[in-house]
Amino acid sequence: MHPPPCPTQVNCTEASSSQMLILYLSLLLISLGTGGIRPCVVPFSADQFDMTKKGVASRKWNLFNWYFFCMGLASLSALTIVVYIQDNMGWGWGLGIPTIAMLISIIAFVLGSPLYKTVKPHGSPLVRLTQVVAAAIKKRREALPEDDKLLYQNWELDAAISLEGRLLHSDQFKCLDKAAIVTNEEGSDPNAPPNLWKLATVHRVEELKSMVRMLPIWASGILLITASSNQQSFVIQQARTMNRHLSHSLQIPPASMSIFNVLTMMVGVVLYERLFVPFAFRLTKNPSGITCLQRMGVGFVVSIFATLVSALVEIKRKSVAAKYNLLDSPNATIPISVFWLVPQYCLHGVAEVFMVVGHLEFLYDQSPESMRSTATALYCITTAIGNYVGTLLVTLVHKYSGNERNWLPDRNLNRGRLECYYFLISGIQVVNLIYYLICAWFYTYKPLEEIGDINKQEDMEKDIEKIKHENLLEG
């Protein structure tokens with residue numbers, strides 16, 4: 001984060017140590033607050049609705065689509081209203097008004113809390129995963145039973161962490177199944193409470209399996225963030241050299257170009273919800289139109305095209321600069337419209353509609369119901385890792401792409417080879433797409449028996465027993 005530039009003919013006073021301390025403490029508090037809010041917003045919102053397959057199919061809207069629409073609306077407000085206030089009224093008002101808005105939101109949340117549906121936590125999910133690993137290691141020499149029904153089941157023990165349904169046994173990662181082996185000593189007293197560090201239920205073992213299965217798909221989202229992480233900074237440098245005038249006296253600020261990304265994402269979410277899903281439903285009979293994995297795959301492809309377009313636009317920009325002999329004039333305005341940058345912003349917005357929304361929905365849907373906040377936190381970690389990888393990639397390219405024709409020069413972008421960097425990013429994304437397709441092809445969805453199906457099965461068994469009893473009486 002850089003401080004605002006000093007006005008012309010005004011000497012800025014250097015910030016004191018105490019002022020810098022307050023600044024860094026503020027940034028730390030913002031990071032802590034964001035880390036606490038974002039992983040919990042989506043699971044808490046989903047708790048207010050019926051998120052079972054039947055419940056999702058009965059609604060004509062998708063929670064995750066509208067969550068990102070609201071996030072886009074907030075970003076749009078920040079890029080327009082807040083920026084205008086900062087430029088015209090000062091940074092005090094620019095930072096103060098969002099602070100007041102956050103205070104109002106906290107008050108509204110507290111006053112409305114009695115109306116919300118809350119799910120009480122029942123132990124740490126990370127402790128449960130650790131217990132499964134510990135039990136599997138302790139029983140690594142035990143032989144698995146041929147019938148998986150002999151593995152340890154305890155519906156009463158798992159009732160609090162399986163409100164929507166129970167996870168069924170799967171054949172993957174059989175080494176973890178050893179945590180559910182019931183030894184002769186453990187089976188001697190069926191009524192004794194189990195030592196969960198030595199014996200885990202099938203449901204808890206499947207919780208760990210579900211998280212392990214998701215990790216390869218989760219990791220594929222990192223390079224998508226990497227591809228777009230430095231887009232903003234490079235596009236701002238490009239926009240500064242281009243014609244940004246809307247009229248003789250009005251021009252677009254370079255940093256405001258990201259509005260086109262946000263607008264495309266917001267419009268794309270609405271069109272996806274209202275047009276694409278009904279059309280795809282006619283073909284697939286899937287209430288969501290297409291699966292989360294298919295949605296993510298489309299997003300990966302669109303993102304590749306976005307970076308390719310970015311490279312072509314940079315080639316066009318430099319060709320115009322060469323035509324007017326402006327390659328050695330980094331501060332000159334090249335006679336090419338800044339709106340040449342809009343298509344790549346729009347494509348990145350479309351990619352977010354498919355990939356980013358699909359990624360979050362996949363992590364939520366495929367995680368155990370007691371670990372959905374953890375899965376959402378993984379989504380946030382994807383963004384963090386992707387940005388760090390993007391910064392590392394830029395550093396390496398700048399260091400090793402030569403001195404004379406450096407791809408990412410410090411001062412004169414016209415003499416750089418930014419298009420080569422974009423082509424490199426496109427190539428990395430192609431490799432990532434192949435990796436993702438392999439992971440998606442072999443991915444196994446979590447085996448869940450929803451509570452409604454369990455109740456139906458139990459009612460059916462009771463009816464069968466009743467019929468048998470009546471037949472015996474008649475006989």
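**Exercise 1. Getting your bearings**

What percentage of the 475 residues of the protein count as buried? Work out the overall layout too.

*Solution.* Keep in mind that this is a predicted model. Start with burial: 39% of the 475 residues count as buried. Next, the overall extent: the C-alpha atoms fill a box of roughly 100 × 50 × 45 Å along the principal axes. For secondary structure, tally 16 helices and four strands. Finally, split the protein up: domain 1 covers 64-119, domain 2 covers 125-207 and domain 3 covers 213-449. Between the C-alpha centres of domain 1 and domain 2 you get 45 Å.

**Exercise 2. A greasy stretch on the outside**

Find the nonpolar surface patch that includes L29, and place L29 in its helix.

*Solution.* First, list the members: L21, L25, L28, L29 and L32. Together they offer about 510 Å² of accessible area. Now zoom in on L29, which belongs to helix α1 (residues 17-47). Its relative accessible area is 60%. The cut-off for exposed is over 50%, so L29 counts as exposed.

**Exercise 3. Rings meeting rings**

Count the aromatic pairs, then describe the one between W66 and F69.

*Solution.* Searching the whole structure turns up 16 aromatic pairs. In the W66 and F69 pair, the ring centres are 5.3 Å apart and the planes make an angle of 65°. Edge-to-face needs planes over 60 degrees apart, so this pair is edge-to-face. Why are these two separated by about one helical turn? Because they are three residues apart in helix α3 (residues 63-89). As for cover, W66 is partly exposed, at 25% relative accessible area. Elsewhere, ring pairs also link F44, F109 and Y116 into a cluster.

**Exercise 4. Charges over rings**

Which rings have the charged ends of K285 and R295 sitting over them?

*Solution.* Take K285 to begin with: its charged end sits over the ring of F281, 5.9 Å from the centre. The cut-off is within 6 Å, so the K285 contact makes the list. Then R295: its charged end sits over the ring of Y272, at 3.9 Å from the centre.

**Exercise 5. Salt bridges, buried or exposed?**

Count the salt bridges, then go through those of R204, K174 and R317, checking the surroundings of each pair.

*Solution.*

1. The total comes to eleven salt bridges.
2. R204 pairs with D158, with 2.9 Å between the closest N and O atoms. R204 lies in helix α9 (residues 202-229) and D158 in helix α6 (residues 155-158), so the bridge ties together parts 46 residues apart in sequence. Buried means under 20% relative accessible area, so R204 at 9% qualifies, and D158 at 1% is buried too.
3. K174 meets D171 at 3.8 Å, N to O. Here K174 is partly exposed at 41% relative accessibility, whereas D171 is exposed at 57%.
4. R317 bridges to E314, the closest N and O atoms being 2.9 Å apart. About one helical turn separates them, because they are three residues apart in helix α12 (residues 292-323). Both R317 and E314 are buried.
5. Last, look for shared partners: salt bridges of that kind join D177, E206 and K209 into one network.

Terms used:
Residues numbered from 1 in each chain as written. Predicted model: local features only at pLDDT ≥ 70, side-chain atom pairs only at ≥ 80, totals over all residues. Heavy atoms only, no water. Domains from an automatic or database assignment. Patch = residues over 30% accessible without salt bridge, like charges linked within 9 Å, V, L, I, M, F, W, Y side chains within 5 Å. Areas by Shrake-Rupley, 256 points an atom, 1.4 Å probe, with all protein chains shown as cover. Salt bridge = Lys/Arg side-chain N within 4 Å of Asp/Glu carboxyl O. Buried < 20%, exposed > 50% of the residue type's maximum accessible area, 1.4 Å probe, protein only. Phe/Tyr/Trp six-rings, centres within 6.5 Å; stacked < 30°, edge-to-face > 60°. Lys NZ or Arg CZ within 6 Å of the ring centre and 35° of its normal.
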